[in-house]
Amino acid sequence: MNTNGYKDEHARTIIHIDLDCFYAQVETLKRSELKNVPLGIQQKNIVVTSNYIAREFGIRKCMLLTEAMQLCPNLVLVNGEDLNDYRTMSYKVTALLQKYSEVVERLGLDENFVDVTKLVEEKLRSMNSSLGDQIQSVTNVFGSNEGYCQCGCEVRLKVGSLIAEEMRRLIYTQLGLTSCAGIAHNKLLAKIVCSKHKPNQQSMIYPDNALELMLSLNNVESIPGIGKATADLLQNIGIRTIEDLQNAELIELKKLFDIDKAKFLQNLSYGIDNSQVKKSGKPSSIGLEDSCRLICAEKEVKEKLRELLKRLLLLVEADGRLPRTIKLTVRKFDKLTKMSRRETKQSNINSHFFTSGCVAEMNPNNIEKILMILMNMFRKLVKVHKPFHITLLGISFVKFNERPSYRNSIASFLRKDLEVQSIINIENLISNESSPESRNQSPSSCRESSDPESEPTPKRSKLAIFKRNRNFFEYDTCESPSKLRVQDLQLTSEKRENIQNIKCPPSVDESVFQELPLNVQQEIWSDYAKSEIDSASCANKPKKMKTGNSILNYLVQK
Ligand code: TTP
Ligand code: MG
């Protein structure tokens, strides 16, 4: 129990990893000559981050370019507006951390929480528990209390710090990036303690020192989880420091927040955070926005949106899902009040625009249609017949459909196979440092290498057209060893007893039929048999094969 009566559990072991001067490190990996110079990463007129050499000159994150150049005239600037390489590297880091636990939560591009509770338990089971005291790690330990908790959290945290050391070593050897780690029994403390020793170090905190760590923060806004809006509300009732929040009456906080949030906030001030590390899935939205000089004409808006949309579609392509809602963000500047205001509007969008899975193959008309939707939304947000001033435009996709899995169809086992292939590629990524492009080997990229259509064929055979329309991939042109396995599996477990009964329907070219995999043959045969039964049951009607949308339809000789 803590002094405010709230319960604090120490059962978990959480590691927070934060990469050092992330964008600057990525740029330095690309250009080694940047390694020993003061380096700033520029976005518009701001230096968003800098390497630690530049920080010695007093350069801080998000400093104005002019100020940064005054402090360090030799500052080397690299443009960091294209986030692609940062995003790519970010996912590589997360993939490495997922080797240690399946519970990894991404926070921004360069931070991850990892819940290693299970791994710590496993390690402790495999070692003599009395060895706990002898665990040596390079970890900085925060706080003046020794830590004599009965629950065994100290030894768990020590093992956690060994794991953190190993994680950081792996990130460095595999990806060349240095990082910091914080080890604690909850996310809040892990994140705060992580920032106590930088760069390329790690820090741990025992639960006994939680209060001391919280009181080391300057104000409530420094607590992760308390943003500017909440801090402003708290300030309105005279709460500014951590102690103010600790001592606040719950009844006062309830005037501003619902009871759960009031308790949550006060808990944070004591270093209590029972929130779970949430396994990160795909992002809930994919978006880009760009602040710009004043835009006052519709034509300029459209051009800006076109440029943003093209970049955004590449991100959507990499993500793989099919967007179904699009959101437009505008920041309007009011010349009279000199105030800016952000407004958004969203609209449903036809997922079929994106089914090609590849921007290069996307129908240009579809891009124009999306632009039209955006411009319609723009006209609802901005009265275009009056003068307007826009200082930021953003587009994001906020709801998605998964690509169809073609369950129970021929494409299904091919598609499953691709999934297997992508897992293999993740493993390759981890051990060989291959590019994320290969990790994310999408159906489309496999299609490029295996689609019979890419061969220079003077004339498309029926078989080729069938293969193309059914997302067909040649087995021998794909490299995944699992392909044969999946195929075998299907044939042995489900279909073997029916194989003897499969025949080439009289209307189908026998030579084409023989080229097909057995289970495709089976599907064609059963389509044919079904159409025969249907025809027989309609004896009055002229006999005509009802193949509808089936594979048979592609193959019947007309
Ligand atoms: P941070 O982790 O805050 O900064 P950092 O990794 O550069 O430096 P540190 O060693 O202190 O951890 O942010 C990660 C990246 O996010 C950073 O490299 C640049 C980018 N960034 C912005 O684009 N805008 C911002 O306001 C901040 C703070 C960071
Ligand atoms: Mg960082």
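How many cavities of 30 Å³ or more does the structure hold? The count comes to three, and since this is a predicted model, the tour that follows is a walk through computed features, beginning with those enclosed spaces.

**Stop 1: the largest cavity.** Select L313, V316, E317, R321, F354, S356, G357, C358, V359, M362 and R403, which together line the largest cavity. The space they enclose has a volume of about 80 Å³. If you colour this lining by class, six residues will show as nonpolar, two as polar and three as charged.

**Stop 2: the second largest pocket.** Move next to Q43, E81, E289, D290 and S291, which are the closest to the centre of the second largest pocket among the 30 residues that line it. About 820 Å³ of space lies in this pocket. To see where the walls come from, display β3 (46-50), α4 (84-97), β11 (286-295), α13 (298-319), β12 (322-334) and β14 (390-401), each of which supplies at least two lining residues. Strand β11 deserves its own colour here, as the element that gives the most to the lining, with seven residues. Coloured by class, the lining of this pocket divides into eleven nonpolar, nine polar and ten charged residues.

**Stop 3: the magnesium ion.** Now centre the view on ligand 2, a magnesium ion coordinated by the OD atoms of D18 and D110 and by the O atom of L19, at 2.0 to 2.2 Å. Six donor atoms surround the ion, and the angles they subtend run from 82 to 172°, which makes the arrangement octahedral. Along the sequence, the donor residues follow the spacing D-L-x90-D. Because L19 lies in strand β1 (residues 14-19) while D110 lies in the loop between β6 (104-107) and β7 (111-115), this pair ties together parts that are 91 residues apart in sequence. Both L19 and D110 are buried.

**Stop 4: the largest nonpolar core.** Finally, select I15, I163 and M167, the residues that touch the most other members of the largest nonpolar core, which has 37 residues in total. Extend the selection to β1, α1 (22-30), β2 (39-43), α4, α5 (117-126), α6 (153-175) and β9 (179-184), the elements that give two or more residues to this core. Helix α6 gives the most, with seven residues. As general background, nonpolar side chains tend to be buried together in soluble globular proteins.

With the core still selected, two elements link back to earlier stops: β1, which gives residues to the core, also holds the magnesium donor L19, and α4, another contributor to the core, supplies at least two residues of the lining of the second largest pocket.

Conventions: Residues numbered from 1 in each chain as written. Chains lettered and ligands numbered in written order. Predicted model: local features only at pLDDT ≥ 70, side-chain atom pairs only at ≥ 80, totals over all residues. Heavy atoms only, no water. Donors = N, O, S within 2.8 Å, 3.2 Å for Na, K, Ca; no water. Tetrahedral: all angles 85-135°; square planar, octahedral: opposite > 155°, others 65-115°. Helix = DSSP H or I, 4+ residues; strand = E, 2+ residues; numbered from the N terminus. Buried < 20%, exposed > 50% of the residue type's maximum accessible area, 1.4 Å probe, protein only. 1 Å grid on protein atoms, 1.4 Å probe; cavity = no way out; pocket = protein on both sides within 12 Å on 5 of 7 lines; lining within 4 Å. Points joined across faces, edges and corners; volume = space filled by probe spheres on them. Nonpolar A, V, L, I, M, F, W, Y, C, P; charged D, E, K, R; others polar. Core = buried A, V, L, I, M, F, W, Y, C linked by side-chain atoms within 4.5 Å.
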